[in-house]
Structures are given as structure tokens and as C-alpha cells.
Amino acid sequence: MIQSETLELLEWHRLCQHLSTFGATKLGVIAARHLKIPDFQAESEQLLEQTKEVYQLETRLTTGLSFEGIQDIGDSIERAERSGILAGDELLAIATTLAGARNLRRVIDNQQDLPILTNLVADLRTYPELEQEIHRCIDERAQITDRASLKLGEIRTELRRLRSQITQKLQNIIQAKSGAVQEQIITQRGDRFVIPVKAPQKDAIPGIVHDTSTSGATLYIEPNSIVPLGNQLRQIIRREQAEEEAIRRALTEQVAAVKPDLERLLAIVTTLDLATARSRYSYWLKANPPQFIQPPENEIITLRNLRHPLLVWQQQHEQGQPVVPVDLLISPYIRVVTITGPNTGGKTVTLKTLGLAALMAKVGLFVPAREPVEIPWFDKVLADIGDEQSLQQSLSTFSGHIRRISRILEALGDGDSGLGIRDKELPNPQSLVLLDEVGAGTDPAEGSALAIALLQYLANHAQLTIATTHFGELKALKYEDERFENASVEFDETTLSPTYRLLWGIPGRSNALTIALRLGLKPEVVEVAKTQVGEATDEVNQVIAGLEAQRRSQETKAAEAQNLLQQAERLYKQVSAKATALEERESALRASQEIAVQQAIGQAKNEIAQVIRRLQQGTPTAQDAQQATNALNKITQQFQPVTPAKPKPGFMPKVGDRLRVPKLGQTAEVLTAPDADGELSVRFGLMKMTVKLQDVESLDGQKAEPVVKPKPAPAAVTPPPQNVPAIRTSKNTIDLRGKRVADAELILDKAISEAIGPVWIIHGHGTGKLRQGVHAFLHQHPRVDRYEAAEQADGGSGVTIAHI
């Protein structure tokens with residue numbers, strides 16, 4: 001009972017409702033609303049792994065995991081097992097569910113590193129033959145198709161023929177008795193075809209009256225001539241219905257035969273949908289996966305920036321206030337944390353946030369906190385939060401709390417009630433207990449004593465207890481027992497409002513008198529109240545205030561240091577990234593240069609070898625040697641690196657420049673630029689004179705460049721034409737064999753535009769069409785001077801040489 005009470009106090013049903021909005025199927029939504037809390041840690045770990053794998057899978061898929069077509073077919077397969085006959089839409093739902101489940105399995109099987117999901121769908125049977133049979137017999141409107149059986153096809157053919165015959169006869173009657181007909185239409189009443197006849201002229205068309213209009217002016221009559229056809233039509237319709245029922249019965253029997261597999265399919269699909277809902281809800285919350293720890297093994301409970309999930313929903317969907325996160329860092333030896341501070345400061349919200357975080361981790365949800373999220377697996381989460389005052393049951397506030405706390409102690413087990421005795425601890429307590437305003441509602445002295453005794457008992461029998469209180473005596477437990485810790489909620493005295501921040505290690509102090517004074521209570525009343533409180537309490541409050549101020553100062557400095565550290569880390573990463581990029585770029589350039597040099601060397605060697613082979617063929621003549629020398633010089637110019645020209649020394653004076661005339665020992669200004677004879681006019685002081693270019697120098701001592709007179713160009717002499725053959729290489733040879741003329745023209749145009757000498761074109765003999773096309777293209781190309789067939793040794797008429 002206390003477990004269900006705790007879920008109600010923590011508003012677990014609201015969280016489940018929020019989770020269900022991320023479900024994709026009806027069964028998934030129902031499962032999310034009635035979320036089962038696991039009893040064992042292994043189950044929780046399995047659920048967390050499912051959530052993680054779906055989260056990972058949906059980040060890979062562009063549209064997410066699709067549950068299209070999957071419906072709730074549980075009632076249908078249950079009725080099929082009980083020999084009921086399923087309707088067409090129910091059978092169609094089964095077929096679409098089988099197809100949707102198959103698509104889910106295909107998506108999961110196509111992914112890597114998803115062992116939990118792959119194992120989950122490994123035994124999924126989707127019966128494609130049953131799906132195909134249903135689609136063969138039932139169309140998308142859930143109607144039985146003509147192809148479902150040969151007999152049904154024949155019956156429907158007969159129906160169409162009979163309806164056409166009835167319609168034709170009625171059309172003839174309407175045309176013949178048009179004066180008696182109210183409207184020239186054919187309609188139906190039930191399964192009988194009728195025509196609207198004017199009531200005064202009903203005798204003009206004898207027949208059976210099946211209906212009358214509201215005004216009584218129109219009678220819907222089935223003429224006597226088509227009554228036998230109508231009777232025959234009704235009989236055929238009965239046969240059609242019987243055949244359709246037989247078809248649906250046969251399909252239903254096939255469904256009933258595989259009911260266990262279909263039930264397992266629904267369970268697997270629902271599990272997948274629930275895992276997907278958990279993943280999507282966790283993503284929406286910006287939550288992180290929790291890791292279960294063992295506090296006895298010196299592992300700290302770590303929940304930084306923990307946010308209340310219901311408040312996050314309220315902020316996003318109901319325009320609520322921004323959520324203030326809390327930090328919970330609890331050492332492994334701590335068993336009890338007492339939170340003190342003013343009302344409305346966030347103590348109760350902290351209890352609920354921790355309780356929901358523990359439950360979310362148990363059911364496989366991520367926790368809305370910053371990584372790492374480390375929390376124990378609590379076997380029970382027990383809470384006493386709020387006021388259980390009841391007039392109907394004659395329960396006061398105190399009585400209500402005590403009744404609920406008694407149920408909590410019963411749930412923890414029947415351990416020895418020795419209080420504060422270490423050897424009475426349970427061997428492995430795993431429960432989380434949350435108590436709000438422990439000991440409140442009665443005499444402060446007795447309530448405080450009861451609260452101390454209760455917390456000491458829980459220190460022995462629960463793994464962790466978080467209690468809120470206003471009793472100052474509970475603050476001293478930390479200094480008597482190392483298993484106790486103090487915390488408080490911060491209150492801003494300037495604005496008289498809570499900050500909702502949780503301060504660890506500092507007990508809370510009373511702010512009632514300060515608040516009362518600032519809210520307008522008479523100062524003399526507040527002063528009398530202070531004297532009643534006593535100097536000791538005032539001194540304690542002053543010490544606590546000093547601790548809070550010191551803590552705020554330390555937090556400010558820590559935040560500044562953290563910002564500086566983050567900036568330094570960011571700058572270091574940027575510099576490291578730039579240095580790495582420069583190194584990679586330099587390495588890539590070096591590698592590409594080495595590859596280019598090696599390729600150039602290899603190509604040069606190949607072309608030199610070709611020159612040598614040509615010289616070795618036959619007896620070399622002087623002309624052959626000259627051609628080889630020219631070819632080698634050309635190769636050298638092509639592959640040797642070009643040495644950049646050194647800049648010429650000296651300078652050239654320009655009008656307005658300042659220069660020095662060493663012979664005169666004067667600095668002068670240039671009036672005219674040097675002429676063809678190397679003379680220029682300069683001025684120093686009031687004097688102007690003409691000096692030679694070689695008699696001046698720049699102010700930094702550079703001599704002027706001598707003027708070189710251009711030599712007269714010799715008359716152009718046209719050399720006699722020589723038939724010097726060029727050297728054929730792999731660079732100036734293109735092979736067009738097997739190409740079409742259109743493709744060959746593109747290759748030829750590119751080669752000719754890049755060529756600096758003759759081009760050897762291999763086109764082969766064949767039918768001669770390619771050769772004709774090549775010659776036609778060369779003939780009209782503007783860069784081609786002439787073309788001719790190659791020598792017999794180079795391919796003869798199968799090769800054409802184009803001279804550029």
C-alpha cells in the first residue's frame with residue numbers, strides 16, 4: 001500500500017502520462033500509462049540498454065523508427081481462437097500489423113551494434129504468407145474481393161448481370177410512363193429496386209409499394225414485371241453473403257492457428273514502442289543515461305543539475321517558470337541528509353525530484369541531469385510528503401504523518417528497533433526514504449525528539465534517507481554521527497524570495513523575524529521576539545549567515561576560475577587544431593610533390609627509352625642523331641625544374657627620385673629620365689646639369705642599370721622546309737579503337753587543344769567509318785595544319801598523324 005501511496009505523492013502518474021504522448025501505437029500508449037516498476041536490478045539494466053540502443057538507432061535514421069500499420073489486434077485474435085468470425089477490417093488490421101512488424105525487424109537487422117534489440121526481434125514471426133492471403137481476399141476498403149474464390153466471382157458476375165437487367169427494364173417503364181413518374185430516377189428501398197410514382201397515378205404502374213414520401217405525394221413502387229427478378233436477386237445476394245462468410249471463416253481459422261506467435265509479436269512490438277517512447281522522452285528532456293552504483297564500494301551518488309521532469313514539462317507546455325536545477329553529491333557513508341530552511345524554499349521539490357529520478361532510472365528512462373549520472377538501484381522508494389489530515393477519518397496532521405511513517409517502517413522490514421546502535425544495521429539496506437517536515441504537527445520538543453529517534457532508526461535500516469525539517473536540534477546530528485549530513489535551501493533576504501538552490505554542509509537558519517520585519521510588522525514586536533529567541537540562537541544564525549556568505553564568495557571564485565579554465569581549454573584546442581591542420585597540409589603537399597616528381601621522372605625515362613630504341617632500329621644517321629638530341633633537349637626542358645631568374649642588380653632613376661653624384665659629392669633630384677644614350681638631367685640647389693647614368697648611384701649605394709640599345713632586327717629568313725619527323729610518345733598518342741564517331745570527336749578536340757606538336761591517332765581499319773569521321777573532323781579543325789597516314793612501322797593506314 002505504501003508503494004502506491006508513494007507513487008501518488010510523487011505524481012508518478014503524471015510522468016507516465018507525459019511518457020505516453022511519445023508512444024506510437026495504442027498498446028504502447030497503454031503500457032506507458034501503466035508503467036511497471038521492475039523488482040530486480042537486472043530488469044532495470046535490461047530496460048536501460050533497450051533505451052540506449054533505440055536512442056542510438058534513431059540518431060542514425062533520418063525519420064526515426066516507424067510503427068506504421070501496427071494496430072491493437074489482441075481482441076481479434078482472442079475471438080478468432082474462440083471460433084468467432086473476424087470482419088474484413090479486423091483481418092486487414094492483422095495483415096498491416098504483420099507488415100509493420102516485419103519492417104521493424106528489417107530496420108533493426110540492418111544496423112550494427114544493437115545486440116539487445118536484435119535479440120528481441122530474433123524470434124519475431126510475421127507470417128508473410130498469411131498477410132498475402134488476407135490481401136488477396138480483402139481489399140483496402142476491408143471488402144471481400146472477387147478473386148477470393150472462384151465461386152464468389154461467379155456469384156458476383158451473376159449479380160451484375162441481374163442488376164443490369166432490372167435497371168434496363170425499369171428504364172423502359174420510366175420512358176413509357178413518364179407522365180406518372182415523379183422523377184426519372186431508379187432508387188432502392190432495402191434490397192428492392194423501385195421508381196418514384198405520383199400518388200394519384202399509382203394505377204398507371206401496377207406493383208408493390210415499398211415506401212411513401214413524407215408528404216405522401218410520392219410512392220416508391222416496385223413494378224410487378226420486375227418482382228420475380230427482385231426475388232431472384234435477393235437469393236443470389238444471400239448466396240454471396242454465405243460465400244463471403246466462408247472466406248472470412250477460413251482466414252479466421254488461419255489466424256487462430258498462429259495465435260501464440262501473434263501474441264508474442266504484439267508483446268515484442270509493444271516492448272519496442274515503449275523503449276522508443278522512453279528514448280524520445282529522454283531526448284526531449286535532454287536527459288542522460290544513469291549508471292547504477294554500489295555506495296558500500298565508495299561510489300558517490302552524483303546528480304548534477306538535476307531537474308524536476310514535471311516542472312520541465314510545465315515550463316515547456318504550460319508556460320511555467322524556469323526550472324532551477326539542484327546538485328546532489330552524496331558520499332557513500334552518508335545515510336541521512338537533513339534539509340532545513342524557510343518554507344517555499346524548494347525542500348519538498350528536492351525530495352520529489354530525487355524520488356522521481358530514482359524511479360525513472362528503475363524503469364529504463366534517462367535522468368534529467370548532467371553527465372555522469374550515478375545513482376544506486378533502490379529496491380523501494382518510500383515517501384511521506386504533504387499533509388494527510390482527514391476530518392472524515394478523525395486524523396490530525398500529526399496522526400496522518402505517523403500512520404504513513406509506520407507503514408514505511410513496516411515496508412523496510414521487521415528489524416530490531418534499537419536506535420542509534422551500529423550493530424543493529426541491516427546487512428544490505430537498499431531503500432530510499434523521503435520524509436517531509438519530519439516530526440511536525442505536535443509539540444516542538446516531543447516532535448524533535450521523535451524525529452531524532454526516527455532518523456537514527458532509518459540510518460540503520462535504509463540505504464538513504466532525505467528529510468526536511470524546521471527543528472534546529474536535527475542540525476546537530478551531523479556532529480554526533482558521521483552518517484548524517486546537513487543541507488539547506490538558500491533564501492535571498494534582499495528580495496524576500498527563495499533562490500531554490502541547495503547548499504551542502506550548511507544548516508538552514510530561521511528567516512521568520514527578518515521576513516516579518518520587512519513585510520511591515522512593527523519593529524518593537526520583532527525586537528521582543530528576538531529577546532524571546534535568545535542570544536544563543538541569534539549567534540548561531542549569525543554564524544550560519546557568515547558561512548553562507550563565505551560559501552557564496554567561494555562559489556563565485558570557483559565559477560570565475562572555471563570560466564578561465566574553459567577559455568584556456570578552448571584556446572588550447574583551437575591552437576592545437578590549427579597546428580594539426582598545418583602539419584597535415586604540409587605533409588599532404590610534400591607527399592603530392594614527391595608523387596609528382598616520381599611520375600615526371602618515370603615519364604621522362606620512358607620517353608628517353610623510346611628515343612634510344614628508335615636510334616637502335618637500323619643504322620643511325622646524323623639526321624637521326626640530331627632528332628634524338630632535339631628530343632632529349634625537349635624532354636629536359638619539360639621535366640627539369642625551371643630556375644627562377646635572379647633579379648638584376650642596380651636601379652633605374654625616375655623623375656623626382658633623389659640620387660647621389662659621387663664625382664661632385666652632391667645629392668641631386670632627377671628632372672628627366674635617362675635617354676637612349678644613358679644621359680639624364682638632374683638639379684642640386686639652383687644648378688641644373690646633364691650627367692651620365694654610370695656617374696650616379698642611389699642613396700643606398702646601388703649603381704644604375706646600364707641602358708641597352710636595342711639591336712636592329714635582322715631580316716626574317718624563311719628556312720627551307722625540312723621533313724624532320726617528330727618523336728611519338730604516349731603523351732601525343734590517343735587510341736580511338738572501339739569508339740563511336742561522336743565520342744571520338746570529343747576526345748580528339750581535347751587532345752588537339754592540349755597538343756604542342758604532332759598527334760598520333762589510332763583508329764584501326766575496321767569498316768572505315770571511324771577513319772572517315774576522324775579525317776572529316778581534322779579537315780575542319782582550325783588548329784590542324786595537315787594530316788597524313790603514319791608510316792607502315794607505326795600502323796600505316798590504321799593510324800593518322802595530325803600536325804598542329
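Here is a friendly exchange about a predicted model.

Biologist: Which helix gives the most residues to the largest nonpolar core?

Modeller: That core has 58 residues, and Trp12, Leu303 and Ile466 are those with the most contacts inside it. The helix that gives the most to this core, with 8 residues, is H13.

Biologist: Which residues does Trp12 touch, leaving aside those up to four places away in sequence?

Modeller: Trp12 is one of the buried residues of helix H2. The cover over the buried residues of H2 includes helices H1, H3, H11, H12 and H13. With sequence neighbours up to four places away left out, Trp12 touches Leu7, Leu35, Ile37, Leu356, Leu359, Met360 and Val363.

Biologist: Why is the pair of Phe22 and Tyr281 tilted?

Modeller: Phe22 sits in the loop between H2 and H3, while Tyr281 belongs to helix H11, 259 residues apart. Both Phe22 and Tyr281 are buried. Planes under 30 degrees apart would count as stacked and over 60 as edge-to-face. The ring centres of Phe22 and Tyr281 are 5.6 Å apart and the planes stand at 45 degrees, so the pair is tilted.

Biologist: How far from the ring centre of Trp377 is the charged end of Lys362?

Modeller: A charge sits over a ring only if, among other conditions, NZ of Lys is within 6 Å of the ring centre. The charged end of Lys362 does sit over the ring of Trp377, and its distance from the centre is 4.7 Å.

Biologist: Which residue in the hairpin of S17 and S18 takes a positive phi?

Modeller: Strands S17 and S18 pair in the antiparallel sense over 6 bridges, and Leu680 stands opposite Val691. The hairpin has 2 residues between the strands, and the one with a positive phi near 70 degrees is Gly685.

Notes: Residues numbered from 1 in each chain as written. Predicted model: local features only at pLDDT ≥ 70, side-chain atom pairs only at ≥ 80, totals over all residues. Heavy atoms only, no water. Pairing = 2+ DSSP bridges. Helix = DSSP H or I, 4+ residues; strand = E, 2+ residues; numbered from the N terminus. Buried < 20%, exposed > 50% of the residue type's maximum accessible area, 1.4 Å probe, protein only. Contact = heavy atoms within 4.5 Å. Core = buried A, V, L, I, M, F, W, Y, C linked by side-chain atoms within 4.5 Å. Phe/Tyr/Trp six-rings, centres within 6.5 Å; stacked < 30°, edge-to-face > 60°. Lys NZ or Arg CZ within 6 Å of the ring centre and 35° of its normal.
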